[in-house]
Amino acid sequence: MEEKFIPEYSGVLRSHRIEIPRVISKCGGMRIFGRRIKSLVFSTDIAIIRNINADAVIAVYPFTPQPIISHALIMASDIPVFCGIGGGTTTGMRVVQLAADAEFQGAFGVVLNSPTPNETIKEVSAVIDIPAVITVAGERDDIRGRFEAGAAILNISAAARTPWLVEKIRKDHPESAIIATGGPSEQSIEDTINAGANAITWTPPTTAEIFKTMMEKYRSAM
């Protein structure tokens, strides 16, 4: 089948935007509120988020979730944001309140950490109308229990074992919605897609790394 020609315009000032790996377009994606999502950028850097061609943002970070951070990201982003609301160190009713607040601010979904008890997922799902995304870090996670508690999407993050785990879960739960980390290369992303991931999370270069490349280019032109 002949590949379709897709006209493209990037301008001058935005021509150095970050491009996600094109291999991600091979996955089928998932439809949330009518919007098809294949790629999610793993970042809380607003400058990165505003200058990348990902379909959505997965905004999780290794600190206690704070509404002001979620509000800033949702307000500044021009693509859907999935907000981290804890579930590990941050537990109980605080997680439920964070979930409700994220929805009220316009989040497309909320992301819970892998240690989150099923009871908390159930409480979160009872108060929000956006999808609850539960992170899966290994094969010992109770996937069936997660779905029964109200999780709508799995976020599989198992390092090098991610493709294997995606394939295992897809076999056991063929109709499940799966987001998965793509890994460090196009090959690892493709392996994850072939294993059955609906959407891929991708970690972009940091602003410091991008600045380094730009400064080297500027210096060489002097």
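**Exercise 1. Classify the two cysteines Cys83 and Cys27, then count the disulfides.**

Start with Cys83, which counts as buried because its relative accessibility is 1%. Buried means under 20% relative accessible area, with a 1.4 Å probe and protein chains only. Next, Cys27 has 2% relative accessibility, so Cys27 counts as buried too. Finally, with a disulfide taken as a pair of cysteine sulfur atoms within 2.5 Å, the structure holds zero disulfides.

A note before we go on: this is a predicted model, where local features need pLDDT of at least 70, side-chain atom pairs count only at pLDDT 80 or more, and totals for chains, interfaces and linings use all residues. Residues are numbered from 1 along each chain as its sequence is written, and side-chain values use heavy atoms, leaving out hydrogens and water.

**Exercise 2. Place strand E4 among its neighbours.**

Strands are DSSP runs of E with at least two residues and helices are runs of H or I with at least four, numbered from the N terminus. Two strands pair if DSSP finds at least two bridges between them.

1. On one side, E3 (residues 39–42) pairs with E4 in the parallel sense over three bridges, and Val41 stands opposite Val57.
2. E5 (residues 81–84) also runs parallel to E4, joined by three bridges; here Val57 has Val81 as its bridge partner.
3. Now look at the faces of E4 (residues 56–59): Ala56 and Ile58 are buried on one side, Val57 and Ala59 on the other.

Notes
Buried < 20%, exposed > 50% of the residue type's maximum accessible area, 1.4 Å probe, protein only.
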